[in-house]
Structure formats: structure tokens, C-alpha cells
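Visitor: I'd like a close look at one part of this model, the first helix of the first chain and what it packs against. Could you walk me through that, and then show me how it sits in the rest of the assembly?

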Amino acid sequence: MTTPEEAARAAERVARESYGRLLAFLAVRTRDVAAAEDALGDAFAAALRTWPKDGVPANPAAWLLTAARRNQADSFRRSKTREASEPYLRIISEEIAGASSSLEPDIIPDRRLSLMFACAHPAIERGIRAPLILQTILGFTAEDISAAFLLPAATMGQRLVRAKTRIRDAGIPLVVPEKEELAERLDAVLDAIYAAYSKGWNDVGDAGVPEIADEAVWLGRLVVSLLPEEPEAKGMLALMLYAEARRPARRDAAGAYVPFEEQDIGLWNGSQIAEAERLLLEASRSGPTGRFQCEAAIQSAHTARRVTGVANWPAVLALYDHLVVLTDSPVVVLNRAVVLAEVEGVDAVLDSTMASLGEDKRMIGYQPYWAAKGHLLARVRRMSEAREAFTVAIGLTTDEAVRAYLQRQLAAVNQPNAAMTAIDLQCRP
Amino acid sequence: MRFMMLIHHDEPALAAAPQKELWADYAAFNEALKKAGAGMSAGERLKPSSTATTVRQRATATDVLDGPYADTKEQLAGYFFITVNDLDEAIAWAKRCPSSKYGSIEIRPVVDA
């Protein structure tokens, strides 16, 4: 006999460990992700009913898969004409037999990568790709995801449903693309995972959000393990790990924001930094340098500078030069300007790069631009302009801790003799 | 899956394209479509949108209008049908179509009978 609690715990464990794997396997042939979710959801419900009575099966994942496949076949039979569904039902029953005879959970083929490529397909709207991956691979609900993406849960739910309908109806395949397309398409998958990570990282103050960052790192590890030959996947994982390693140092005891230059490096997670360094090295050995590798290399250089105390600005600047070419992004140009100020001097950068960025419409509502501008102006004692820039930055901030930090900077500008703290160099793509 | 591939052109841009090369490419493309087997049908080219007539029937009257359905920069200029496994294969055919260089190809799954 199994108690209901034990059964529920067993179901929960299987859900956590194999949800995405089961869902991907169920959806890969039909491309109907929503129907596969329903079939799997019903299978979990059946498990909670029968496991307390009959005991937890030897291979819970295979049991769930068999039950879900049966549900899928039933609903297929209901929705299609008998004749049209015959060949399909035969395939399903063969697969059920195959899956339940192989009782090792690892023998359920891992199709999660195929599912991720479908979720990050160019025909899927960019903004919904990361939520879709979080939902299908990790089983997050629309509600879980909506907070991190600053959307009402109902809106997030509708957009997820629409995206899944689109995978089915537009004919988006659940496949890993051919070699010649792989690099370009992988970028979209990595972008989506990194977007999920950034959501979790930028708003560390909110309850529940760090979990999304953890899960994004987990997804990064999954992609690296499934595509060990792809250097950009390693580059992205390394980039996330550099940021993760600094997480304990990003807030002081009172919860206030601590910029990179002032962080206590004793609080950095050494093993995560070591892992990031190793991944970056492997990536640079095995292929061309892409955006994520380049950004990770910049983080590596900043980390080394803080640890050794030896300035390495020209090397960082060279990495930024490369990154500007790769991304053509004003955010990268902004980050580069901050480094350029260390090499060529603050006045030169204010007159050149910062002035031309100021004409870019995308920068007007971008808080880090105004914060960086405020810092640079304050360093050359152009206090009234610095005051204005910090004020705009404060107005654009949504994170309470960052706002408090910027308010301290503004107060320092108002006391002409106070020393300005260094600018925050954490890369925000 | 069966897809209808709708070719849209910016008509002045098409007129400015090197005609001889364009139609030679089209002949090769249609040949490739034919070779690709059952369910593929070679492209058909439509006369310019200036030749279009649009009809709308309403309760009280029937409107017959001079001109295309939507007055946009890119106009429907032709179409072809393909039967392939999924959207990625359809995208591959859209890229092969010479018109993708001068206009755009809209990929629409056909509802199963």
C-alpha cells in the first residue's frame, strides 16, 4: 500500500524530473503541444488516483507515458474520422508497446531539444519563445511565468495558447534543424533561454523570480549536454554562470544594490566562476567566436581584473569592438563606451560615443544609458548635467534596489566634494 | 501538409529586376517543383494588379470595383502549391522561389478536406 502522500510525492518527483521529456516525446509526432499537455495532465491525475491503491509503479515515467499515450489516442479517435486515424493509431500503439517494454526511464528518447527548436522557431513571435520553453520543458504555469515577464497571467496564458496553436496549424516541425541551418536557429533557442535568465536576474528583488534564473541555467546545461559540439551554447552557459556567481554579492545585508566594482569578491561563487572559465575555454577551442562567447569573455576579463587588481581595459575594449560588429546593438555600444572611457578618457567618450547614442531613440527610455551618462558626467564634475541624467535614470527604473542606489548617486552629485563610485559594468544585453 | 504559396510583389521593383535572368530562374524553379513529385504544382503568374476587379455582395447591392482587394505596396502576383512534411520544408521552397528576392512569399497551410 502506498499512502496518498507518498503517491503525490512520487508523481511530483516524476513531474519535476521528466515532465519536459514526456511532453516532448508525446508532441513530437503530432506537433499538437496543447493536446499532449492535456494527455499528460490527465495521466498525472490518474496516477494520483491509482498509485495510492495499487502502489507506485516500478517505472513511474513509463507508466505516465503509457497512460498519456492512451489518452492521446482516445482524443484522436474522437476528433478525427475513424478511417483517417487508423495509421496514426497503429503508430501510437506500437510506440506504447515500445515505451512500456523498455522500463528504463532513460530509454524514453529525449526529444526536448526538438521541442525547444519548435518553441524558438522564427515563425513564433520572439517575445513568447522564452515563456513557451519554460512552460513546455519545465512545466511552469502561465501564472508562474507571467510575473517574471511583467504580463497579466491571463494575457500570458492566451499568448501561450496561441503560440501552441500556431506550432500545430502553421506546420512548425519538432525537429533539430539540419547542420547548415543549425547555427542560426540555435541562436534563437539560446536567445530565448538567455531572455528567461535576464528576466530572473534583473529583478532579483521579486519573490519567485530567482527561480526562473535557476531554471534558465538548468536549460542552458541541458542544451550544452544535448549539443556538446556547439561553442555558442557553452558561451551562453558560461555567461549565465558568471552572473550567477556574483548573485550573492549583488545585494548587501540590508538588501541594497551593490555595483560590480564595489562587490565583495569573497562572496562570489568560485566554483561557478571556475566552471564558466572551463566552458569558455572549451568553446574557444571548438569553434568560431559568437556573441555569447564574446560576452562571456568580457565577463571573464572583468572578473579577472577584480580578482587580480590588474587593469586590462584595452583587452576588454578589443572584445567589445568584436561584439559591436557581431550584434550591431546600441546597448553593446553603450557598454563599450563605458570601457572606452577607461582607455581614452571620459571627456572624449562623452563628446563622441555618448553624444551619438543620445540621438538614438531607443536610448531615450533605456535606464542604463542615463545611469552611465550620469556617472561619466559626474566623474568630470559636470554636476548639473549629471544630476539631470541620474534623475531621468531614477524615473525609468522599475527595480526598487537599483532606484535606491541611483538615488544615493544623485545625492553624491549634490554634495560636490563626495567621491563618485565607479560605474556598474555588469553586461546587460 | 499542403501549402499554398502566395507570391507578392512590389510591382515597380519587379519591373526594375533583370527580366531575362528572373524568368530563366523561374523556368528552373518550376522544373524543380515538377521534379519534386506529387502534390507540387508549378507556379502561375497573374497579370498586374491594375487588371484586377473586386466584387463584394451585400444585402442591398453588389459592388464591382476597379482594382485589387487591398491597395498595398506589395500585390498578389502569383501562386504555387506544395505538399511537404512541415513548415521548414515549405520555407525552403519559398527561399528557392525567385520572387523571394524581389517580393515576399506568404505560406498558408491548406485546410485538410
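Guide: Here is that helix first, followed by its domain, its chain and the partner chain. Keep in mind throughout that this is a predicted model.

Start with H1 of chain A, which covers residues 4-30. Helix H3 of chain A, residues 60-79, packs against H1(A) with the two axes 10 Å apart and at an angle of about 50°. That angle is why H1(A) counts as oblique to H3(A). As for handedness, the crossing of H1(A) past H3(A) is right-handed. If you want to pick out the residues that make the contact, on the H1(A) side they are A:Ala10, A:Val14, A:Ser18, A:Leu22, A:Phe25 and A:Leu26. On the H3(A) side, look for A:Pro60, A:Ala61, A:Leu64, A:Leu65, A:Ala68 and A:Gln72. Sorted by class, the H1(A)–H3(A) contact has 10 nonpolar residues and 2 polar ones, with no charged residues.

Now zoom out a bit. Chain A is split into domain 1 (4-109), domain 2 (111-227) and domain 3 (343-429). Where domain 1 of chain A meets domain 2 of chain A, 14 residues of domain 1 are in contact with 15 residues of domain 2. On the domain 1 side, H1 and helix H2 (33-54) of chain A each bring at least two residues. H1(A) gives the most to that side, with 9 residues. So far as class goes, the domain 1 side facing domain 2 in chain A has 10 nonpolar, 1 polar and 3 charged residues.

For a single residue elsewhere in the chain, try A:Ser146, which is found in helix H7 of chain A, residues 142-148. A:Ser146 counts as buried because 20 C-beta neighbours lie inside 10 Å. Setting aside neighbours within four places in sequence, A:Ser146 is in contact with A:Leu151, A:Pro152, A:Ala153 and A:Met156. For a sense of distance, take A:Arg185: A:Ser146 and A:Arg185 are 39 residues apart in sequence and 25 Å apart in space, C-alpha to C-alpha.

Taken as a whole, chain A has 21 helices and 0 strands. Of the 429 residues in chain A, 40% are buried. Among the chain A contacts with a separation of 6 or more, 65% are between residues 24 or more positions apart.

Then there's the partner. Chain B has 3 helices and 6 strands, and along the sequence they run β-α-α-β-β-β-β-α-β. The C-alpha atoms of chain B fill a box of roughly 50 × 40 × 20 Å along the principal axes. Buried residues account for 18% of the 113 residues in chain B. In chain B, 74% of the contacts with a separation of 6 or more join residues 24 or more positions apart.

Last stop, the place where the chains meet: 7 residues of chain B are in contact with 6 residues of chain A. Helix H3 of chain B, residues 87-96, gives the most to the chain B side, with 3 residues. By class, that chain B side divides into 4 nonpolar, 1 polar and 2 charged residues.

How values were computed: Residues numbered from 1 in each chain as written. Chains lettered and ligands numbered in written order. Predicted model: local features only at pLDDT ≥ 70, side-chain atom pairs only at ≥ 80, totals over all residues. Axes fitted to C-alpha atoms, helices over the stretch in contact; angles between N-to-C directions. Helix = DSSP H or I, 4+ residues; strand = E, 2+ residues; numbered from the N terminus. Parallel < 35°, antiparallel > 145°, perpendicular 65-115°, else oblique. Left-handed = near helix turned anticlockwise from the far one by under 90°. Contact = placed C-beta atoms within 7 Å. Nonpolar A, V, L, I, M, F, W, Y, C, P; charged D, E, K, R; others polar. Domains from an automatic or database assignment. Buried ≥ 20, exposed ≤ 12 C-beta atoms within 10 Å, placed from the backbone.
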